[in-house]
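Hi,

Here is the structure I said I would pass on. Have a look at it first, and my notes follow underneath.

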Amino acid sequence: MRNHKIAKIFNDIARFLEIDGVAFKPYAYQRAAMSLEGLKEDVADIYRKGGKAALQEIPGIGKGIAGHIEEYLKKGTIADLENFKKRLPVDMEGLLRVEGLGPKKVKVLYEKLGIKNIKDLEKAVKTHKIAPLFGFGEKTEQNIVQGLEFLKKGKGRSFLGEILPIARQVLWQLEKLPEVQKASLAGSLRRKRETIGDVDFLVASKSPGKVMDFFVNLPGVEKVWGKGGTKASVHMVNGFDMDLRVVPEKSYGSALQYFTGSQDHNIATRKIAIDKGLKLSEYGVFRGSKQIAGKTEEDVYKAIGLRWMDPEIRENAGEIEASLQGKLPTLVDIKDIKGDLHCHSDWNGGKNPIEVMAQTAMDMGYEYIGISDHTKTLKIENGLNEKQLLEQIEYIKKINRSFQISNFKFQILAGCEADILKDGSIDIKDEVLAQLDYVIASVHLNTKMEKKEMMARIEKAMRNPNVDIFGHPTGRIVNQRDEYQIDFDKILKIAKETGTILEINSSQRLDLRDFYIRRAKAEGVKMIINTDSHHKDQMNLMEYGVSQARRGWAEKSDIVNTLSVEKLLEHFKV
Ligand code: DGT
Ligand code: CA
Ligand code: CA
Ligand code: ZN
């Protein structure tokens, strides 16, 4: 599968174009990369069958980019990228992992200090060479120092959202092999942990050798760590490892149970088996030497007296007890979601008009969408002021009327993502907030306050009767940023008292974290799963918010955007 290799090249080209200050073009490459990553078919096959014209049928791929794909398939390289790389021979991807560094800054660092990689960067911050550079300063240097620390802490664990699309493509490829009877993701990826150490695949096959050969020869493979009769491990160009296990069909269920983990869950399930005089292993459930289960996961759990449970909750955090007592939660499902209330339009820093965002929501089968543009304090996002918000309300009303006329059952809600100022007041006048269908309030600036001050700020905002949803409540970003100094118990208490809904943000923030979701559920605090989309394509990030909610044991009734629009509106304060 060449798709993710080419996608990576396009992302690189986009960064170089961004450095050169080319308008719009970087985005076209990013979009093409995203489209390739989500594609089921290998572009090489598409090209073989239909040539350049067929490539142009792929969403997001125009003539120019199709030409680049052709060039890559023929020559194995793209000249544009090679030229860029000559001008700037740095480990761009590695350096960009450091929060606070963008492509333009990387260029300056190379030109002024010869920094090519993370090691060079670490040396430069130690000797304080960065702050004096034009356009950098003490604050940027501090951010880089913190970004580097964060990278070390994360130690090679990758964000779920970067890994899952690539792993799914590999899975589809495996499933297509005639030798493969069954195939699944396993490990932390199947459990949808927010970061992934390595990717695990499990396959049932009668000819493991062929599957192994195919796996270690996948186009994205950079290095083969090991390859045996039924096990292989590889390193990908994208910077992570993948493991494959091949088992006979009669052990597929027990192997899936074992390799899905978590390790703690496995230890606990094994113990339950032992207490029943059984033995549970990756090969099956055994009484003495007789295999009594193993073909399916359901059978395996049943054989040891448990009900099958969703992979997201297999962390030995109460799921086994719940299974024994028949009290497993029915987790919220992506199909339960009826709308997305954190969507930015091109009225502020988003990329698409309100109509296009709404159309995307309809195509996804939603019943409503909420437009929640940034407000005036966020200048970099072109936040809206009171007058513009009032205009937007009227504009949305007009579109909704046209839906009604054509008897269309879809509604756009007029909201905003207002800024919580340092003192906890909202940057938009209350009389305007009151005219919106709903208000999300979020902290974006001055995030490094002491806990007491930060909590006073958050409390004041949550007590505002016009604030319905507290957006990305803890401020953390996976692999990039820690949460603000907060007291989550207090946030729950205020949420309960005021009826403020807590957001589960599906972007790389994945904020709330899973354990916070579980506590919110226990307190009966309602949550909403939103994508925070700045482009229509980001609306399909919903699945990550949903998996996060599932890891937090959330059920449909805990999540307000599983409700019809009428019922949803009842959950807002005024
Ligand atoms: P990761 O890769 O760090 O994100 O986390 P996992 O959970 O994918 O862990 P990994 O890849 O080391 O192993 C995959 C699964 O295999 C793991 O979830 C449970 C099972 N497993 C691996 N090693 C052990 C072990 O030593 N004991 C037990 N009981 N299970 C293990
Ligand atoms: Ca793993
Ligand atoms: Ca592994
Ligand atoms: Zn925000």
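Let's start with D198, which counts as partly exposed because its relative accessibility is 25%; buried means under 20% relative accessible area, exposed over 50%, and partly exposed in between (1.4 Å probe, protein chains only). D200, on the other hand, counts as buried because its value is 15%.

Before going further, some housekeeping: this is a predicted model, where local features need pLDDT of at least 70 and side-chain atom pairs count only at pLDDT 80 or more, while totals for chains, interfaces and linings use all residues. Residues are numbered from 1 along each chain as its sequence is written, chains are lettered from A and ligands numbered from 1 in the order in which they are written, and side-chain values use heavy atoms, with hydrogens and water left out.

Now the metals. D198 bridges the calcium ion (ligand 2) and the calcium ion (ligand 3), which lie 3.6 Å apart. For ligand 2, the protein donors are D198 (O), D198 (OD) and D200 (OD), at 2.2 to 2.5 Å. Donors here are N, O and S atoms within 2.8 Å of the metal (3.2 Å for Na, K and Ca); water is not among the atoms, so sites may look incomplete. For ligand 3, the protein donors are D198 (OD), D198 (OD), D200 (OD) and D243 (OD), lying 2.3 to 2.6 Å from the ion. Along the chain, the donors of ligand 3 follow the spacing D-x1-D-x42-D.

D198 turns up again around ligand 1: 15 residues surround that ligand, and the closest are R157, S188, R191, G197 and D198 (a residue is near if one of its heavy atoms lies within 4 Å).

Finally, the interior. The largest nonpolar core has 61 residues, of which I369, F410, I412, I486, I491, L502 and I559 touch the most other members. Such a core is a set of buried Ala, Val, Leu, Ile, Met, Phe, Trp, Tyr and Cys residues joined through side-chain atoms within 4.5 Å. Apart from it lies another core, of 44 residues, including I9, Y47, V90 and L109.

Cheers
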